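Student: I should like a close look at a single part of this protein, set against the picture of the whole chain. Please treat the general build before turning to one residue.

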Amino acid sequence: MGKIGSDTKKYWEALKEVMDPEFPISVVDMGLIYDIEKNGGELHITMTYTAVSCACMEWIEQDIRHRLLQENEVQAVQINVVWDPPWTVDRLSPEGREKLKYWGVSSK
């Protein structure tokens, strides 16, 4: 998980409601979210994907925007997709690992 400041903790929690369409876990537990910064009514999300060719990029970004814009003080959401550092399974949260194991996607 990325940097969680006291001013962004609620947004990290909100993004736990946004599920990865390919795996039954949140984008936070997948480790796709690298950072959340708040600047007035605007949130800046830094994130990545598991692969450059991820077919679900647009859906995930729409879901992230949709969820965060439900917060009264959020007026805009900017998403910056980065590939460095690349996503690896090490980015999975402990909860994400358990969920993948439960669903038979991973044995680790």
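Tutor: In this predicted model, 40% of the 108 residues of the protein count as buried. The accessible surface comes to about 6,300 Å², and carbon and sulfur atoms hold 50% of that surface. For the overall dimensions, a box of roughly 40 × 25 × 20 Å along the principal axes encloses the C-alpha atoms. The radius of gyration is 13 Å, which agrees with the value near 13 Å that a compact globule of 108 residues would have.

As to secondary structure, the protein has three helices and three strands, and from the N terminus on these elements follow the order α-β-β-α-β-α. Among the contacts with a separation of 6 or more, 56% are made by residues 24 or more positions apart. The charged side chains number 12 positive and 18 negative, and the centres of these two sets are 5 Å apart.

The part to examine closely is arginine 67, one of the residues of helix α2, which spans residues 57–68. Is arginine 67 buried or exposed? Its relative accessibility is 12%; because buried means under 20% relative accessible area, arginine 67 counts as buried. Once neighbours within four places in sequence are left aside, arginine 67 is in contact with Ala14, Glu17 and Val18. The close look thus joins two findings: a place in helix α2, and contacts with Ala14, Glu17 and Val18.

Definitions and conventions: Residues are numbered from 1 along each chain as its sequence is written. This is a predicted model: local features need pLDDT of at least 70, side-chain atom pairs count only at pLDDT 80 or more; totals for chains, interfaces and linings use all residues. Side-chain values use heavy atoms; hydrogens and water are left out. Helices (H or I, at least four residues) and strands (E, at least two) are DSSP runs, numbered from the N terminus. The radius of gyration is taken over C-alpha atoms; the globule rule is 2.2 Å times the number of residues to the power 0.38. Buried means under 20% relative accessible area, exposed over 50%, partly exposed in between (1.4 Å probe, protein chains only). Contact means heavy atoms within 4.5 Å. Accessible areas come from the Shrake-Rupley method with a 1.4 Å probe; for residues, only the protein chains shown count as cover. Lys and Arg count as positive and Asp and Glu as negative; His and the chain ends are not counted. The place of a charge is taken as NZ of Lys, CZ of Arg, CG of Asp or CD of Glu.
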